[in-house]
Amino acid sequence: MENSALTVRFAAADEAAACNDLHNRLYQEERTIEQWRWEFVSTIFQHPQIPFSVVDDGGTIVGTQAFIPIRMINRDGVFWTAKSEETLLDPAYRGKRLLGQMYDCLFEYAAEHGLRYVWGFTPADKALRRVGFDIPTRTSQLIIPFYCRDLPVLLQRAGINKPAGVRDRIRLAGFKIGCVAARLASAARFARAERVTRRVSTSHALRLQVLEQPPEQSDALCRRFVSQWGGTTIFRDADYLRWRIFENPYVRPIMCAAYDGEELLGWAIYSMGDDGAGYLVDVLVVTEPNRPYTPEDVVRRLLVQAVRSIRNMGAIAIRGWHVNDHPFAELVMRVARSVGFHHVRRGQSVVVRAADPQATSMSQNFAEWYVTRIFMEGTVG
Amino acid sequence: MNPDVAYVWRQILNHVSLFFTAEARAHLEGDTVRFLSWDEAQRSTGSHLVIPIDIPASVDPESPYTVPFNGTELTLWNRLPRPSTPNWEPIPCETRPLWYRHRTGTLLPAWNLYGTLFGLLTFQEELRSSQRDGHGRFLASYSPRYRRGLLEVPAFNEAVAALVDACTALDTDAEPQLRLGPALRPPAIVLSHDCDVLYGNDLWTQGVRAYRVFQPLARARAPRLGQLWWMGRNAVTPRRYYFDNLTGMVDLERSFGYRSTFYALNGTGGRFGARNGTRGLDELAAMVPDGWDLGMHYNYDTFLNRDRFQAQLDQLKHFTSKDMVSGRAHYLRFDPERSLPFLESCGIEVDESAGYSDGLGYRCGIGGCFEAYDTTARTPRAIVEVPMVIMDTTLVIQYAEVAIATVRRMLTHLQHVGGALSVIFHPGVFHNPEFPEMLGIYHRILVECRRVGARALTARDLVNALQRN
Ligand SMILES: CC(C)(COP(=O)(O)OP(=O)(O)OC[C@H]1O[C@@H](n2cnc3c(N)ncnc32)[C@H](O)[C@@H]1OP(=O)(O)O)[C@@H](O)C(=O)NCCC(=O)NCCS
Ligand SMILES: [Zn+2]
């Protein structure tokens with residue numbers, strides 16, 4: 001194989017199928033062109049050239065790397081960033097530093113188009129460190145198991161679902177016992193939380209509503225969120241929510257909003273993945289002082305609703321993310337525990353890099369982000 | 001036109017409107033298609049599709065065969081001979097013909113299209129059989145198609161798909177391509193839920209569980225003590241896995257962009273009756289979101305009984321404050337001759353009862369809907385039937401580990417010929433650890449529907465779409 005035949009370039013508009021094929025071939029999936037377009041051809045960041053680079057070997061696409069432009073917000077305002085996605089090289093082409101070349105085009109693009117940071121989640125730490133990403137932390141999980149019998153399926157990647165020897169069997173048994181214990185503890189705490197919410201919700205005007213379309217107030221809510229809680233997070237305005245949630249071609253997550261009268265206080269977004277597990281996609285709440293309820297009350301009410309709905313949909317578990325110690329993330333974690341979630345330190349590496357090569361380390365900056373599963377691709381919601 | 005023929009043609013056009021594009025319908029609407037006697041048909045020439053109407057169709061399918069078509073296979077029976085006049089060639093081949101094509105372009109179906117479809121839409125198989133089960137039902141296993149493995153063939157849909165292709169070809173002076181291309185719209189899925197039990201702690205449900213505890217003793221086996229667990233659990237939390245499942249199903253359907261119909265059961269109590277009485281009806285009505293439909297699950301004892309039917313209907317309207325124009329019979333009690341006229345006279349506009357209780361199948365050979373036929377007045381009735389094709393536990397009992405593969409096969413077939421698949425799922429088995437074999441089945445069915453790009457329509461949506469025509 002001659003390296004000279006390889007070109008690294010941007011994907012052309014009519015190459016959707018070829019780019020998608022590489023993914024489907026290497027992951028043995030059936031992702032549709034429609035799903036590919038939804039993910040990579042942004043309707044919000046409108047630019048004739050999408051930030052999608054490929055390795056072309058004499059007309060065949062053998063490598064892909066995409067940036068998905070996403071707006072974020074902090075106290076200084078709204079700005080563009082990009083999510084790194086579709087990091088993929090045909091095995092025959094690995095180890096040639098091609099990934100670095102694909103990123104080079106993209107970072108140039110990012111600098112040109114004002115995409116301030118690039119971030120993502122990956123198991124391929126080493127390859128991404130090599131192209132200049134920081135790995136400030138790892139994601140961790142908030143979990144409530146509903147069915148212990150089926151849970152090992154979810155841990156397939158942990159490799160203990162098909163016991164090979166005595167040790168594996170012991171691990172699996174231990175895991176199942178732990179799971180039953182966790183389930184019982186969750187059930188007890190959830191029952192208590194349900195009682196608490198019933199008390200709180202009858203005492204004031206808090207109202208939950210499942211939405212059929214994104215709330216126009218979400219833009220203002222995000223602004224109030226960062227001004228109250230600080231940090232940086234995805235700017236979830238109506239356009240973003242329409243794309244990420246309501247027009248999601250995989251699973252359309254359920255968006256349950258909390259209102260005080262007509263005022264939007266926040267939401268929980270949750271879904272049932274094709275894998276049979278439920279996912280807590282997002283929680284965002286802002287309350288004004290001097291209200292008869294605290295943000296904890298609203299978050300609890302939303303989480304109870306999310307758990308109940310996911311359980312009634314027949315999920316084997318509900319899983320959410322806890323990523324760092326943003327004050328609101330800490331609040332959600334506290335309330336989540338009281339509703340029955342367990343915190344499990346198992347997850348992926350967070351990678352982040354500033355588009356400007358002169359910028360200093362991003363680790364400090366990332367500690368202030370508020371991250372939920374809405375930062376993910378959305379294939380399970 | 002002969003009224004019987006006009007009726008079948010009207011159902012064909014309705015079906016085309018629902019599952020094909022407007023252009024496809026336009027190809028059928030001209031005077032391309034002609035219904036003629038066998039003699040006239042044989043003597044036809046020119047760009048027409050001629051369908052013989054005077055050949056009696058046996059309800060016992062004669063020598064079925066398949067023809068490749070649009071990425072799937074059409075299954076035909078009641079084959080017609082090649083016309084005795086010269087210049088007719090079979091398409092695609094002599095052994096498995098779909099059409100006979102005259103040198104001048106005329107197309108003649110190679111099977112008894114009209115007779116077969118008329119027989120299926122008017123329940124001829126059942127009218128000519130006196131076999132009924134203990135509940136008075138005609139079972140899948142009584143059907144002559146069952147013995148030949150043809151119950152999963154949507155014969156009506158397949159015939160219409162072939163017609164659309166043929167008429168398109170005639171309009172462009174070409175041979176049938178045996179392909180549909182963009183004329184076909186994505187298949188539809190008609191989801192519904194019979195709300196037989198909303199609380200798991202009623203006397204009948206608990207009684208049946210208690211019986212199951214001791215039943216094995218009669219055969220000198222150990223009692224099934226596990227049943228005590230379900231009894232205790234539902235005594236404490238009666239809504240779990242019953243009423244709670246209703247909201248679970250709505251949320252799940254919502255995540256696919258789908259909708260469904262809930263059929264509410266009330267009226268006389270008893271083992272075969274409304275086990276929860278009127279309990280929960282108001283809450284059920286309040287739970288059904290906009291876009292979903294609420295209909296009537298006709299109680300067991302309302303079968304062809306006007307007074308009881310009316311009493312149930314009045315009670316249901318009282319508790320739910322909704323009009324009730326769609327329905328399905330509890331236990332699928334359905335009489336092929338009297339049920340539809342009876343229901344029509346009771347104000348029901350669309351019924352989903354014509355499905356089998358013991359197996360999968362297109363009871364009327366159609367995946368979609370059709371107007372009932374008044375065989376005396378020889379006119380279409382105002383009531384529309386949406387035959388139920390797949391029932392939850394029946395699917396799993398019949399197909400066990402290949403249940404989902406079967407659903408996929410049927411959906412994929414409809415994706416290639418057009419039509420709708422009506423699926424019923426009871427809340428009590430949607431997600432209930434008491435029935436572990438059913439866990440996750442509904443979810444996986446919805447995943448399959450999404451895979452073929454199916455859209456969800458309720459029975460009522462289908463009727464509304466027909467009325468707009
Ligand atoms: C990630 C990927 C594009 C890297 O391409 P590459 O040309 O091999 O990159 P480099 O040569 O710069 O670095 C490869 C190093 O990363 C490691 N690595 C690559 N993929 C990895 C993965 N999925 N998990 C852990 N480590 C990984 C390799 O082991 C190698 O380490 P080594 O140098 O010690 O042997 C390629 O390996 C790939 O397509 N992997 C599968 C897809 C994937 O996991 N994508 C990340 C999800 S977003
Ligand atoms: Zn019933």
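A polar contact, as I use the term today, is a pair of N or O atoms within 3.5 Å; within protein, one of the two must be able to donate a hydrogen and the other to accept it, and residues adjacent in sequence count only if both atoms are side-chain atoms. By that rule, nine residue pairs are in polar contact between chain A and chain B, with both residues of each pair at pLDDT 80 or more. The pLDDT condition applies since this is a predicted model.

Let me stay with the interface of the two chains. Helix α9 of chain A, residues 295-312, gives the most to the side of chain A that touches chain B, with three residues. The residues on that side of chain A divide into eight nonpolar, five polar and six charged. In total, 19 residues from chain A and 19 residues from chain B take part in the contact. The two chains bury about 1,700 Å² between them, and carbon and sulfur atoms give 48% of that area. Four salt bridges are counted between chain A and chain B. In one that I would point out, E30(A) pairs with R451(B), with the closest N and O atoms 2.8 Å apart.

R451(B) brings us to helix α17 of chain B, which spans residues 441-451. Is this helix mostly covered or mostly open? It is mostly covered, with eight of its 11 residues buried. The buried residues are I441(B), Y442(B), H443(B), I445(B), L446(B), V447(B), E448(B) and C449(B). The cover over them comes from both chains: it includes β10 (263-272) of chain A, together with elements of chain B, among them β8 (188-195), α10 (243-254) and α15 (403-417). Just after α17(B), G453(B) takes a positive phi of about 70°.

I turn now to the domains within chain B. The chain is divided into domain 1 (3-179), domain 2 (188-200 + 238-468) and domain 3 (201-237). The centres of domain 1 and domain 2 of chain B, taken over C-alpha atoms, are separated by 29 Å. Between these two domains, 42 residues of domain 1 are in contact with 47 residues of domain 2. About 3,700 Å² is buried between domain 1 and domain 2 of chain B, 56% of it on carbon and sulfur atoms. Of the area that domain 1 buries against domain 2, F123(B), H135(B) and E152(B) supply 19%, more than any other three residues.

As for polar interactions across this boundary, the count is four salt bridges between domain 1 and domain 2 of chain B, and 25 residue pairs are in polar contact across the interface, both residues at pLDDT 80 or more. Several elements of chain B each supply at least two residues of the domain 1 side, including α1 (3-19), β4 (72-76) and α7 (155-171). Which of them gives the most? That is α1(B), with nine residues. The domain 1 side as a whole divides into 20 nonpolar, 12 polar and 10 charged residues. R10(B) and E371(B) meet through their side chains in a salt bridge, 2.6 Å from N to O.

Over all chains, the count comes to 49 salt bridges, and three more in chain B deserve comment. In the first of these, the side chains of E126(B) and R363(B) meet at 2.8 Å, N to O. This pair links distant parts of the chain, 237 residues apart: E126(B) is in helix α5 of chain B, while R363(B) is in the loop between β12 (350-351) and β13 (370-374). E126(B) counts as buried because its relative accessibility is 1%, and R363(B) is likewise buried, at 3%.

Next, R328(B) forms a salt bridge with D194(B), the closest N and O atoms being 3.0 Å apart. Here again distant parts of the chain are linked, strand β11 (residues 326-329) for R328(B) and strand β8 for D194(B), 134 residues apart. R328(B) counts as buried at 0% relative accessibility, and D194(B) is buried with a relative accessible area of 3%.

The remaining pair is D251(B) with R254(B), at 3.9 Å, N to O. Both residues lie in helix α10 of chain B, three residues apart, about one turn of the helix.

I close with T320(B), found in helix α12 (residues 306-320) of chain B. Why does this residue count as buried? Its relative accessibility is 6%, and buried means under 20%. The side chain of T320(B) reaches the backbone oxygen of L316(B) at 2.7 Å. Leaving aside neighbours within four places in sequence, T320(B) is in contact with L281(B), A285(B) and L294(B).

Technical notes. Residues are numbered from 1 along each chain as its sequence is written. Chains are lettered from A and ligands numbered from 1 in the order in which they are written. Side-chain values use heavy atoms; hydrogens and water are left out. Domain bounds come from an automatic or database domain assignment. Contact means heavy atoms within 4.5 Å. Buried area is the accessible area (1.4 Å probe) that two parts lose on being put together, summed over both. Helices (H or I, at least four residues) and strands (E, at least two) are DSSP runs, numbered from the N terminus. Ala, Val, Leu, Ile, Met, Phe, Trp, Tyr, Cys and Pro count as nonpolar, Asp, Glu, Lys and Arg as charged, and the others, Gly among them, as polar. Buried means under 20% relative accessible area, exposed over 50%, partly exposed in between (1.4 Å probe, protein chains only).
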